[in-house]
Amino acid sequence: MNNNYDSNKPNLSFWQIWNMCFGFLGIQFGFALQNGNVSRIFQTLGAQVDDIPILWVAAPLTGLIVQPIIGYWSDKTWCRLGRRRPFFFMGAILTTIALFLMPHSPTLWIAAGMLWIMDASINVTMEPFRALVGDNLPEKQRATGYGLQSFFIGIGAVLASALPWMMTNWFDVSNTAAIGEIPDSVKYSFYWGGVVLLATVLWTVAKTKEYTPEQLAEFEKQTAKPTNTALVDINFNKGAIIFVVLGLATLALVMGLSLEKELYLLAGGLLAFGIVQWIAAALKRANKTQGGFYQVVQDVFTMPTAMKQLAWVQFFSWFTLFAMWIYTTSAVTSFHYGSSDTTSKAFNDGADWVGILFAAYNGFAAIAAMCIPFLVKKMGLKGAHCFNLLLGALGLASFMFITDPKMLLIPMIGVGFAWASILSLPYAMLSNSLPSNKMGVYMGIFNFFIVIPQLLAASILGLILRHVFSNQPIYALLIGAASFVLAAIAVMRVKNSN
């Protein structure tokens with residue numbers, strides 16, 4: 001960046017934005033390998049279908065904890081590498097190591113632990129990328145930045161999701177293995193994922209510059225978006241009492257009635273939020289409100305209005321996505337291929353085909369990223385997002401009525417449009433309302449509305465399938481379709497979005 005600047009943040013060239021977003025290709029490479037293969041790894045190591053959601057809980061729980069912390073730290077960081085880039089660099093190294101180790105997990109619980117480590121590392125890398133767009137681009141270019149991130153997400157996910165299938169069908173790498181062992185096609189895919197992730201993120205680190213805190217402060221004077229955190233007196237004690245009581249009551253019911261173990265997660269979440277508020281109240285009484293913990297909790301309760309309005313949209317959208325990621329493999333292998341035996345050719349052929357389906361929806365998402373600006377021009381942000389979510393709902397619901405696995409590529413068009421829209425339009429609605437000095441922490445807090453529905457899904461989806469749908473995973477996709485419809489309704493209730 002040029003140190004001789006005025007108070008107006010300059011436009012960046014297309015290739016500068018390209019380089020800034022290129023690392024998202026590798027991030028999504030690792031993320032897609034995780035989404036498309038971890039359930040398969042869990043089942044191979046002995047997990048039952050109804051145990052999969054609770055094993056997956058590591059991923060969203062890690063994001064809930066890591067993203068606001070990384071966002072807060074990156075807001076306060078400045079060193080030779082810059083503000084956000086140190087986190088890209090370290091996160092990429094840790095994620096690469098995790099990708100190499102994950103397919104060698106000898107037991108189910110080690111695999112669950114490796115998922116926790118891998119997802120934490122991906123979050124360290126990913127969260128500052130969202131904030132970097134807000135840091136480096138003027139408001140009129142931010143939609144381009146987030147759109148290009150969506151494009152790289154689509155391309156990276158296409159390649160990564162299809163890798164196990166390509167290993168088997170193009171390079172004759174076996175997609176079966178002995179009982180309890182991960183197939184070589186999955187192992188080699190994870191190796192390549194680690195290499196691609198590290199290379200692309202390092203490209204962004206090397207080719208992207210950042211504004212100094214002093215430069216950002218000058219820019220902020222022209223388009224300041226002050227928050228009202230100092231004017232709002234939050235009664236943390238009241239919230240602490242409410243959530244601790246709810247958590248204890250839920251815990252008592254689960255223990256007293258011997259309910260499903262997944263509900264312990266719900267009780268724990270309620271208790272944890274109550275305890276967080278109790279700590280914030282204690283810090284407030286002691287007049288110790290300048291630390292990071294208190295600041296993040298205060299920001300949660302004083303977030304911009306646009307973020308509050310988008311909360312329900314994100315909640316229902318990501319509930320669906322989590323259901324799709326963790327149940328598509330078991331749904332397609334059992335419903336369309338007729339096998340739940342992880343050593344059978346039918347199961348592994350079905351699991352490979354799920355990789356192709358995931359690649360397809362991400363490929364359609366890359367195409368959708370180029371179409372969405374035209375939809376926005378015709379329908380507005382809310383109308384376009386609502387339309388895309390309904391396309392996704394139709395796609396997931398059609399899994400119940402399509403019997404030929406090859407025809408499942410068609411509903412992936414709708415899922416792809418929904419995915420591209422979820423990755424871009426909520427951020428387009430939100431980003432211009434955030435102050436630059438809190439861009440990182442607010443992007444981390446916005447992740448709460450992604451993580452909380454995933455935790456809820458991990459708590460109740462298995463229970464619903466067991467007691468309502470005879471443990472048939474195909475119905476998880478139908479539940480996801482209904483949740484997409486609720487997200488579409490919620491987005492039309494968002495106010496003040498151009």
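**Enclosed spaces and a helix pair**

Thr44, Thr176, Ala177, Ala178, Ile179, Gly180, Glu181, Pro183, Thr342, Thr343 and Asn348 line the second largest cavity of this predicted model. Here a cavity is a set of points, on a 1 Å grid over the protein atoms alone, where a 1.4 Å probe fits but cannot get out, and a lining residue has an atom within 4 Å of a point. The volume of this cavity, taken as the space filled by probe spheres set on the points (joined across faces, edges and corners), is about 80 Å³. Its lining has four nonpolar, six polar and one charged residues; Ala, Val, Leu, Ile, Met, Phe, Trp, Tyr, Cys and Pro count as nonpolar, Asp, Glu, Lys and Arg as charged, and the others, Gly among them, as polar.

Residues are numbered from 1 along each chain as its sequence is written. Local features need pLDDT of at least 70 and side-chain atom pairs pLDDT 80 or more, while totals for chains, interfaces and linings use all residues, and side-chain values use heavy atoms, without hydrogens and water.

In total there are three cavities of 30 Å³ or more. The largest cavity holds about 390 Å³, and among its 29 lining residues Gln67, Met126, Trp318, Asn447 and Ile450 are the closest to its centre. Helix α6 gives the most to this lining, six residues (helices are DSSP runs of H or I with at least four residues, numbered from the N terminus). The lining of the largest cavity divides into 18 nonpolar, eight polar and three charged residues.

Helix α6 (residues 108-136) also packs with α7, at an angle of about 150 degrees and with the axes 9 Å apart; axes are lines fitted to C-alpha atoms over the stretch in contact, and angles run from 0 to 180 degrees between N-to-C directions. The two helices α6 and α7 are therefore roughly antiparallel, a term for angles over 145 degrees. In their contact (heavy atoms within 4.5 Å), Phe129, Arg130, Val133 and Gly134 of α6 meet Arg142, Gly145, Tyr146, Gln149 and Ile153 of α7.

Helix α7 (139-169) is in turn one of the elements lining the second largest pocket, where it gives the most, seven residues. A pocket is an open set of points with protein on both sides within 12 Å along at least five of seven lines. This second largest pocket holds about 400 Å³, and the largest pocket about 1,300 Å³. Leu64, Gly269, Phe273, Phe448 and Ile452 lie nearest the centre of the largest pocket, whose lining has 29 nonpolar, four polar and no charged residues.

Conventions:
Parallel < 35°, antiparallel > 145°, perpendicular 65-115°, else oblique.
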